[in-house]
Amino acid sequence: MSKELLRELGIDVKRFYKYYDQKLFDKMKLNEGTFFNKETFGEDRLVIEEPSRYLGPRYSHKVVEQMPIAPEARRDLIRLQETKVDYLAGLSPEQKRVKLIQKSYKDFLLQDVKMHADVVKVFQTTTHDQYAVGIDAVCAYDCAQYGFPGFAGMHLPKRRVGDDENEGEPYIFHFPDGNASIARMLVRSLAPGSAPGNSMEDIVTARMDYAALDDPASKVRIRLNSTAVHVKHVGDPNTAKEVEVTYVRGGEARRVRAASCVLACYNMVIPYLCPEMPDKQKEALAYAVKIPLVYVNVQIRNWKSFQKLGLSSIYAPGGYFSNIALDYPVSMGGYNFPASPEEPCVLHLLRTPCQPGLPCKDQYRAGRWELVTTKFDTFEHQVRDQLGRMLSAGGFDPASDIEAITVNRWPHGYAYEYNRLFEPLDRPDSERPCVIGRQPFGRITVANSDADGHAYTNIAIDQGHRAAKEIMAMRGVHTR
Ligand SMILES: Cc1cc2nc3c(=O)[nH]c(=O)nc-3n(C[C@H](O)[C@H](O)[C@H](O)COP(=O)(O)OP(=O)(O)OC[C@H]3O[C@@H](n4cnc5c(N)ncnc54)[C@H](O)[C@@H]3O)c2cc1C
């Protein structure tokens with residue numbers, strides 16, 4: 001369904017093969033680096049190579065030799081990457097699978113592979129990008145599936161072909177402003193006149209006309225800055241013909257009535273919004289905890305320091321920001337990636353606040369608290385300090401090279417993805433709390449990516465479609 005919607009909006013994903021310059025960084029010999037900071041490793045040191053981390057971190061001998069870790073840890077790291085040992089010899093493949101799902105990658109490294117503690121420090125935040133927690137809270141089995149080292153001799157089942165329908169596709173399907181372009185195209189199609197143009201290219205620099213969003217003459221009206229605070233059926237939910245929504249706008253509570261309603265917000269707030277729901281459903285909706293994360297964009301005067309150092313991105317275990325990268329080299333619709341290092345460029349910095357050692361959901365709660373209590377000044381200081389220390393050998397000077405900083409905090413970022421280390425073993429998908437929670441209730445249905453426990457746009461679209469279809473069915477309209 002999500003691909004069909006993209007097509008209907010006019011998004012032809014094949015065009016990204018033209019718009020995204022997959023060769024630029026290779027042509028310029030820019031690789032990935034790892035920055036070891038003195039707070040965690042005793043000294044600041046940047047080492048550079050191309051460990052193709054997304055498929056699992058690997059380091060060459062040359063780089064391992066430069067790492068500021070104990071000599072024994074260097075030997076251990078090479079052993080981890082190069083030897084084929086069955087660390088759970090004697091167990092059947094199924095017993096190994098269960099054991100590795102119930103054990104974190106950190107514990108696997110320390111207890112089974114007997115790695116030096118410094119090796120754990122090197123890998124600790126490699127999972128932040130995808131899980132928003134470190135390897136203390138990600139199961140060893142998932143790490144094996146993603147190609148982390150240590151499993152070559154263990155005869156584990158390979159990932160089945162088809163487990164991931166996008167496997168093998170390059171990571172290039174990216175508008176210059178990310179998925180915001182998809183949202184803008186959706187709005188343009190629903191509220192005529194809200195943005196000029198009609199193509200996936202012209203949306204990139206199009207200016208939205210906010211006045212057109214809530215036009216009484218339009219079939220669809222979008223009202224911004226309106227927080228729903230109470231949703232209830234008018235009468236008995238089993239027989240009611242209407243739903244009443246109370247929302248707050250400009251400090252004033254207002255009411256609207258409708259024949260039905262989709263709650264497409266964070267699922268865990270629904271029990272507060274709609275207390276008349278059955279307790280079992282409310283409990284299921286409250287189960288997940290949204291994942292907090294921060295994307296910081298830093299505009300720099302030029303990116304000559306990256307060129308000089310031979311870098312396109314940096315992994316920083318122990319750093320305030322764990323991943324730092326030049327913006328994606330995508331040019332389309334009048335927006336051009338600054339292909340010359342002399343030009344200003346945007347850097348992307350990732351922080352996923354968490355508290356290692358706690359259960360996964362508690363780490364997310366602690367991270368959200370951190371986001372609420374951290375001032376912009378702290379982010380700014382950390383940006384200047386970390387970029388300065390990482391890039392100084394390339395001539396980077398934070399005082400003159402940083403032109404602008406935008407801190408995007410997402411206290412309720414990714415949907416909770418049912419982390420296997422903390423969830424019942426092999427619970428069928430249909431029994432997950434999100435499935436129980438998303439059942440229609442009277443004239444109310446539930447959408448959002450939370451409703452399927454996967455933090456992806458296609459999931460959000462599919463869940464929205466399902467919820468809308470349920471409403472159509474309530475009204476006796478049959479849809480695909
Ligand atoms: C930083 C970041 C990067 C991501 N990158 C990718 C990516 O590269 N690829 C990908 O596929 N997915 C990505 N995702 C995930 C994807 O963006 C989400 O899965 C998708 O946006 C979820 O859509 P949604 O409609 O379910 O929820 P949301 O986009 O969270 O929308 C929910 C809306 O409900 C509103 N709301 C909440 N409570 C109320 C209330 N009481 N009253 C009124 N409104 C309310 C919120 O303000 C929000 O606008 C990313 C997410 C984040 C946070």
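Ala-132 sits in the loop that joins α10 to α11 (140-145). In this predicted model, the phi angle of Ala-132 is positive, at about 65 degrees, although the residue is not a glycine. Most residues other than glycine have a negative phi. Is Ala-132 buried or exposed? Ala-132 counts as buried because 28 C-beta neighbours lie inside 10 Å, and the cut-off for burial is 20 or more.

A second residue with a positive phi is Asn-448, which belongs to the loop between β12 (444-446) and α20. Its phi is near 85 degrees, again in a residue other than glycine. Asn-448 has 23 other C-beta atoms within 10 Å and is therefore buried.

**Domains**

The protein chain is divided into domain 1 (69-160), domain 2 (230-285 + 437-480) and domain 3 (291-414). The centres of domain 1 and domain 3, taken over C-alpha atoms, are separated by 28 Å. Contact between these two domains involves 11 residues of domain 1 and 14 residues of domain 3. On the side of domain 1 that touches domain 3, the elements giving two or more residues are α9 (117-123) and α10 (128-131). By class, that side of domain 1 has 4 nonpolar, 4 polar and 3 charged residues.

**Ligand surroundings**

Where does the ligand lie with respect to domain 2 and domain 3? Both domain 2 (230-285 + 437-480) and domain 3 (291-414) give residues to the shell around the ligand, so the ligand lies between them. There are 19 residues around the ligand, of which Cys-265, Gly-413, Tyr-456, Thr-457 and Ala-460 come nearest. The shell divides into 13 nonpolar and 6 polar residues, with no charged residue.

Four elements each supply at least two residues of this shell: β3 (227-233), β7 (291-300), β11 (402-414) and α20 (457-474). Which element gives the most to the shell? That element is β11, with 3 residues.

**Strand pairing**

Strands of a sheet pair through backbone hydrogen bonds, either parallel or antiparallel. Strand β3, one of the elements that supply the ligand shell, also belongs to an open sheet of 3 strands in the order β3-β4-β5, with antiparallel pairing. The edge strands of this sheet are β3 and β5 (252-258), each of which pairs on one side only. On average, neighbouring strands of the sheet are turned by 20 degrees against each other, direction ignored. Within the pair formed by β3 and β4, Thr-227 stands opposite Val-248 in β4.

Strand β1 (residues 31-36) is mostly covered, with 5 of its 6 residues buried. Strand β1 pairs with β8 in the parallel sense and with β2 in the antiparallel sense. Glu-32 has Ser-313 as its bridge partner in β8, whereas Phe-35 stands opposite Leu-46 in β2. The strand pairs are set out below.

| Strand pair | Residues of the second strand | Sense | Bridges |
|---|---|---|---|
| β1 and β8 | 311-315 | parallel | 4 bridges |
| β1 and β2 | 45-49 | antiparallel | 5 bridges |
| β3 and β4 | 243-249 | antiparallel | 6 bridges |

Methods. Residues numbered from 1 in each chain as written. Predicted model: local features only at pLDDT ≥ 70, side-chain atom pairs only at ≥ 80, totals over all residues. Near = placed C-beta within 6 Å. Nonpolar A, V, L, I, M, F, W, Y, C, P; charged D, E, K, R; others polar. Domains from an automatic or database assignment. Buried ≥ 20, exposed ≤ 12 C-beta atoms within 10 Å, placed from the backbone. Pairing = 2+ DSSP bridges. Axes fitted to C-alpha atoms, helices over the stretch in contact; angles between N-to-C directions. Contact = placed C-beta atoms within 7 Å.
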